[in-house]
Every structure is written in structure tokens, then in C-alpha cells.
Amino acid sequence: MPIFKRPHFEKLLTLASQGRIAPVYLILGDLTVTKGLLRRLSDHFRRLGHDVQTLDLSSQKSSNLRSLFGGPSLLGRKVFILEGFEDSLADFKEDFINFLELAKAWLTILIVLEKLKENHPLYLYALEKGVVIPLHSKRERDLLNYEIPAILAAFGKKMERKAGEMLVAMVGEDLCALEQELAKLALYVGERSIITEDDIRQVVSPRPESAPYTIFEAYLREGPEGALRIIEELLSQGIHPLVILSTLVTYFKRLYLLAEIIENIPDLGQLKKYFLFRERLKEAFKELFPENPPKVLARLHPYAIFKMIPLAKAYSKEKFAQIFSALFTLDSKLKRGGLPIEEFYAFLVFLKRLEAIPDRKAGQGFRATSSQVL
């Protein structure tokens, strides 16, 4: 069983349950996804009763490599997850491959790497006698097409595509965090088989890094009161007000940049379907930033950018200047001991008022105090 592409990963688990276990599993590609697959594979071996261990090779001498694996286990196979493997690549030569061949009846090694040359002895051995799992280079595609559906399948659930995109935008691409949220969602929907965007809004816990997305997604639906509810939840988790403020500043930097892009490519802001927007956004980055797209926006999930369009179109350059001034004022008030709930609400109300002010009057600035708006 040589090459197993990502869609056939589940078959590997089935084969292992049938006793067909390879001496080498080589998982190549983005480390976020490869480590998730490694964890699922090693957990499956543990459930089957095999002796799974982790071996860090970074501090080991090449002459001792073979001795590190010992002899056969009394129960099941010995399965080693090799870490620090990058520094030891040169040591896995023909003599070690010969050792693997002799020990294949009782020994299995699991390795994740971003890439490995196809003429490397270990790759050639895995291709002939073991398993090579090459992954797609785009994490978003892997997560939405394979990882999330596979995790949900264990609960007998499925998820709307937009809900999956929203989940990744809010939680990020860490598989452990995604698994936690998916488990919560599966319990929340009960007998329902399909998880929706509304379920994501109700259940997924906001994190500091996803706070701006969550806050302003609520702001667009429910206004300042809805956004304040998310901020209160973040504060109740012990997140410092200045941390929340910092994420808001980053959000508006992204929003300002998105507004600049839409000004240069107006049709981008008119697209109503996400998949069309995502493809047009890629083209826009190439047109406007042929060499280095701005990291502050390029690293953001496209779905989060898509959901930012209404606000990006709501503010002119003059209004953005007032917003950044308001954020500076908010920072000063929080540092002087202002009550976070009151000060954040004052800022949110200011934003709502700013949207309705004609551009020529936007220069009036952020003058509302907490006592004036509450």
C-alpha cells in the first residue's frame, strides 16, 4: 500500500484494524494538517492495543538510532512517532532501511514533514513497502474538504459549507481547537444532522484573535448591543480590555486596506457569492500586490474578509480617520481606569452614528462620553 491521497486516509485506518499495518507512514505537506492526521493515526493504533511511543531524534547520535527502537513488544506492535526528524534526515541511509525491513513484523514509524526528496532512501522505502500520504498544499481546502467532514462523521453530523468557512474564520486552522468546537456543536444540535451558520454563532467561543470578526459579525446583525454582548463574553473569560482593543485596531487596519482595494477594484465589493469573491480576491492581490500582498490582510481567512465588505463600504477615508482617532481615545480612557463595558459601548454607538453622517460632516469626531450614551 504505497501512496494514499488524503481522501483515502480513512481506508488506512480500516486496513490497520484488519491487521494490515505498514512499517513506515510518511505524511508530507502542511504541518497543521499532517500533525492532525498523525494524531488520528496514532490514536487509532493505541485503540488497537499497540505500543505507541514518541521518540525525539534531535538530541540523538546517529550511531545510536537503531538501538533506540529496542526489540519486539510483548503486546502488539511497537509504533514510534518520530520528532526532530528534520535534523536526522541524513542518518536514515541504507543500513537503517535494512533495519526497518528486518523489523517490519513488529516495528512501525510515523513521520510528518513538509517535504522530502523523492530520491531519499526513506521515501523510496515508504513508496515500496510503507505508506506515503501527500497532502494538498492549501490548508483551507484540506480543512473544509476533508478534516472537518471527517471529524463530524464520527458524530454522525454534517455542516453547511458556509458554516465551515465561518468556523475556520473564527477558530483558525488549529485542528485541536476545531475538534473541540465541533464536539460542542455536535452536542448542541442534538438529533439534527446538519450544523448551520446560526449554530456556529450560538456555540463557538470567541477567542482574542477572532474577537474582531465575532464582534462585528454581531454588530452587523444586532447593532452595538449585539457587539457589546460578545465583548462582555470575552471580558468574562478574563481577556484584558486592552487585548480586545488591540484586536479592534488590527481589524480596522484590515478594514481600511480592504476599502482601498475595493476603491481600486469596485466589482470586488459587489460580489454576493463567497466563492466568486474568493477567486476575485486572489486576482485582486495579484493585480495590486504582484510581489508581496500585505500580511495583515493576506493572512486573514477569505471568508472573514468577505464578511467585512459591508463595513468597508460604509466608511470613507475621512471616516476611517475619525475611527482611528476614536480608538486612540478609547485606549486613553481604558488606561485611565474607564469602565470597559461603558467605554466599548460608547465606541460602538459612535460607529453606528458615524455610518449615518454624510462624509462632509464626518470630521466632527468621536466626542461621545460614556455618560452621554448610556
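Here is a short exchange about a predicted model of a protein.

Colleague: How many helices and strands make up the secondary structure?
Modeller: The protein has 374 residues, and 50% of them are buried. Its accessible surface is about 18,400 Å², with 52% belonging to carbon and sulfur atoms. The secondary structure comes to 18 helices and seven strands.

Colleague: What share of the contacts with a separation of 6 or more joins residues 24 or more positions apart?
Modeller: Contact here means heavy atoms within 4.5 Å. Among contacts in the protein with a separation of 6 or more, the share from residues 24 or more positions apart is 76%.

Colleague: In what order do the five strands of the open sheet lie?
Modeller: Strands of a sheet pair through backbone hydrogen bonds, either parallel or antiparallel. In this sheet the pairing is parallel. The order is β2-β3-β4-β1-β5.

Colleague: Which strands stand at the edges of that sheet?
Modeller: Neighbouring strands of the sheet are turned by 15° against each other on average, direction ignored. An edge strand has a single partner, so one side of it is left without a neighbour in the sheet. The edge strands are β2 (51-56) and β5 (131-134).

Colleague: How many bridges join β1 to β4?
Modeller: β1 covers residues 24-28 and β4 covers residues 107-113; the two run parallel. Valine 24 stands opposite isoleucine 109 in β4. Isoleucine 27 stands opposite valine 112 in β4. The number of bridges joining β1 to β4 is five.

Colleague: Which residue of β5 stands opposite leucine 28?
Modeller: β1 pairs with β5 in the parallel sense, over four bridges. Opposite leucine 28 in β5 stands proline 134.

Colleague: Which residues of β1 point the other way from Val24, Leu26 and Leu28?
Modeller: β1 is mostly covered, with five of its five residues buried. Val24, Leu26 and Leu28 point one way from the strand. Pointing the other way, and also buried, are Tyr25 and Ile27.

Colleague: At about what angle to β1 does helix α4 run?
Modeller: Helix α4 spans residues 121-129. The helix lies across β1, β4 and β5. Its angle to β1 is about 115°.

Colleague: Is threonine 108 buried or exposed?
Modeller: Threonine 108 has its place in strand β4. Leaving aside neighbours within four places in sequence, its contacts include Ile21, Ala22, Tyr25 and Phe80. Its relative accessible area is 0%, and the cut-off is under 20%, so threonine 108 counts as buried.

Colleague: How far apart in space are threonine 108 and proline 23, C-alpha to C-alpha?
Modeller: Proline 23 is among the contacts of threonine 108. In sequence the two are 85 residues apart. In space, C-alpha to C-alpha, the distance is 4.2 Å.

Colleague: Why is the ring pair of tyrosine 303 and phenylalanine 306 called tilted?
Modeller: The two residues are three apart in helix α14 (residues 302-307), separated by about one helical turn. Tyrosine 303 is buried at 2% relative accessible area, and phenylalanine 306 is buried at 13%. Planes under 30 degrees apart count as stacked and over 60 as edge-to-face. The ring centres are 6.3 Å apart and the planes stand at 40°, so the pair is tilted.

Colleague: Which lysine has its charged end over the ring of tyrosine 219?
Modeller: The structure holds 19 aromatic pairs. Ring pairs link Tyr219 into a cluster with Phe216, Tyr251, Phe252, Phe347 and Phe350. The charged end over the ring of tyrosine 219 sits 5.4 Å from the ring centre and belongs to lysine 352.

Conventions
Residues are numbered from 1 along each chain as its sequence is written. This is a predicted model: local features need pLDDT of at least 70, side-chain atom pairs count only at pLDDT 80 or more; totals for chains, interfaces and linings use all residues. Side-chain values use heavy atoms; hydrogens and water are left out. Buried means under 20% relative accessible area, exposed over 50%, partly exposed in between (1.4 Å probe, protein chains only). Accessible areas come from the Shrake-Rupley method with a 1.4 Å probe; for residues, only the protein chains shown count as cover. Two strands pair if DSSP finds at least two bridges between them. Axes are lines fitted to C-alpha atoms, for helices over the stretch in contact, and angles run from 0 to 180 degrees between N-to-C directions. Rings of Phe, Tyr and Trp (its six-membered ring) pair if their centres lie within 6.5 Å; planes under 30 degrees apart count as stacked, over 60 as edge-to-face and the rest as tilted. A charge sits over a ring if NZ of Lys or CZ of Arg is within 6 Å of the ring centre and within 35 degrees of the ring normal.
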